[in-house]
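Got your viewer open? Let's walk through this model one selection at a time.

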Amino acid sequence: MSSSPTDSNRDKSDYAKTTKPVPNIVALEVLQKNGVNVERLKELITKGVGAEFTTYYYYTILRMHCTGLEGEGIKEIVEDARIEDRNHFEAMVPRLYELGGALPRDIRKFADQAGCPDAYLPDNWEDINSILKVLLEAEQCAIRSWGEVCDMTAGKDPRTYDIAQRIMQEEVEHEAWFIELLSKRPSGHFRRKFAGQSPHTGSQGGLIHL
């Protein structure tokens with residue numbers, strides 16, 4: 001008698017498999033009629049939320065290494081960006097599932113398919129500018145990533161577009177913060193009311209409970 005398949009032999013690309021038939025989804029029909037490549041959109045969103053999730057992890061490490069008098073003043077700004085990037089993950093993941101997508105079962109695969117490079121702690125982390133450069137590059141990659149989602153969905157998928165452009169607004173702010181700290185260029189940065197306020201995405205998706 002053959003043994004049942006082990007977990008290692010199962011398909012780990014999907015969070016779950018279902019044997020029940022899925023009813024016709026009109027919301028997806030509308031997107032396809034509008035010319036949206038839904039499979040490509042799900043791929044972009046999965047990469048985008050993967051980058052937000054891993055950025056949250058790496059920003060935790062970067063924040064811890066903002067040390068000394070100069071670093072102490074930067075920690076709070078890094079914390080705002082860190083929590084808001086996590087909020088971006090929370091805001092967009094429900095939309096991914098609405099589109100028929102899913103997060104990978106294996107977090108290692110999830111991290112590997114993230115749409116932006118890992119924001120590793122630099123070797124010369126005692127130079128606060130080296131940390132700021134890593135932070136800036138991560139935010140700029142996020143802007144490009146969500147910009148692609150906005151371009152694909154503008155005028156075609158108002159729900160996804162609304163969430164993505166809200167995320168974009170905060171990512172653009174984050175970029176301006178770190179450019180200001182690196183170059184002393186004036187910016188419109190004001191202190192958030194509380195860490196991770198997410199003024200644009202705070203009412204979206206999974207953030208309703210936060």
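## Start inside: the cavity

About 40 Å³ of space lies in the largest cavity. This is a predicted model, so treat the tour as a look at computed values. The count of cavities of 30 Å³ or more comes to 1.

To see what surrounds that space, select Ala-51, Glu-52, Thr-55, Asp-85, Cys-116, Ala-138, Glu-139, Ala-142 and Glu-171, which line the largest cavity. Which elements give two or more residues to this lining? They are helix 2 (38–64) and helix 5. Colour the lining by class and you get 4 nonpolar, 1 polar and 4 charged residues.

## Next stop: helix 2 against helix 5

Keep helix 2 and helix 5 on screen. Their axes are 10 Å apart, and the two pack at an angle of about 160°. Angles over 145 degrees count as roughly antiparallel, so that is the word for helix 2 and helix 5. The crossing here is left-handed.

Now show side chains. On the helix 2 side, pick Arg-40, Leu-41, Leu-44, Ile-45, Gly-48, Val-49, Glu-52, Tyr-59 and Leu-62. Among the helix 5 residues they meet are Ile-131, Val-134, Leu-135, Ala-138, Trp-146 and Met-152. By class, this contact has 14 nonpolar, 3 polar and 4 charged residues. Glu-52 of helix 2 is in this contact and also lines the largest cavity.

## Swing round to helix 3 and helix 5

Leave helix 5 (residues 128–153) on and add helix 3 (residues 68–98). What angle do their axes cross at? Roughly 20°, and the axes come within 12 Å. An angle under 35 degrees counts as roughly parallel, so helix 3 is roughly parallel to helix 5. Helix 3 passes helix 5 in a left-handed crossing.

For the contact, select Glu-70, Gly-71, Ile-74, Val-78, Ala-81, Asp-85 and Met-92 in helix 3, then Ile-128, Leu-132, Leu-135, Glu-139 and Trp-146 in helix 5. That set divides into 8 nonpolar, 1 polar and 3 charged residues. Look again at Asp-85 and Glu-139: both belong to this contact and both line the cavity.

## Last stop: helix 3 and helix 6

Hide helix 5 and bring in helix 6 (residues 158–183). Helix 3 and helix 6 pack at about 165°, with axes 10 Å apart, which makes them roughly antiparallel. This crossing is left-handed.

The helix 3 residues to click here include Ile-77, Asp-80, Glu-84, His-88 and Arg-95. From helix 6, try Ile-163, Ile-167, Glu-171, His-174, Trp-177 and Phe-178, among others in the contact. By class, the contact of helix 3 with helix 6 divides into 12 nonpolar, 3 polar and 8 charged residues. Finish on Glu-171, which is part of this contact and of the cavity lining where you began.

Key: Residues numbered from 1 in each chain as written. Predicted model: local features only at pLDDT ≥ 70, side-chain atom pairs only at ≥ 80, totals over all residues. Heavy atoms only, no water. Axes fitted to C-alpha atoms, helices over the stretch in contact; angles between N-to-C directions. Helix = DSSP H or I, 4+ residues; strand = E, 2+ residues; numbered from the N terminus. Parallel < 35°, antiparallel > 145°, perpendicular 65-115°, else oblique. Left-handed = near helix turned anticlockwise from the far one by under 90°. Contact = heavy atoms within 4.5 Å. Nonpolar A, V, L, I, M, F, W, Y, C, P; charged D, E, K, R; others polar. 1 Å grid on protein atoms, 1.4 Å probe; cavity = no way out; pocket = protein on both sides within 12 Å on 5 of 7 lines; lining within 4 Å. Points joined across faces, edges and corners; volume = space filled by probe spheres on them.
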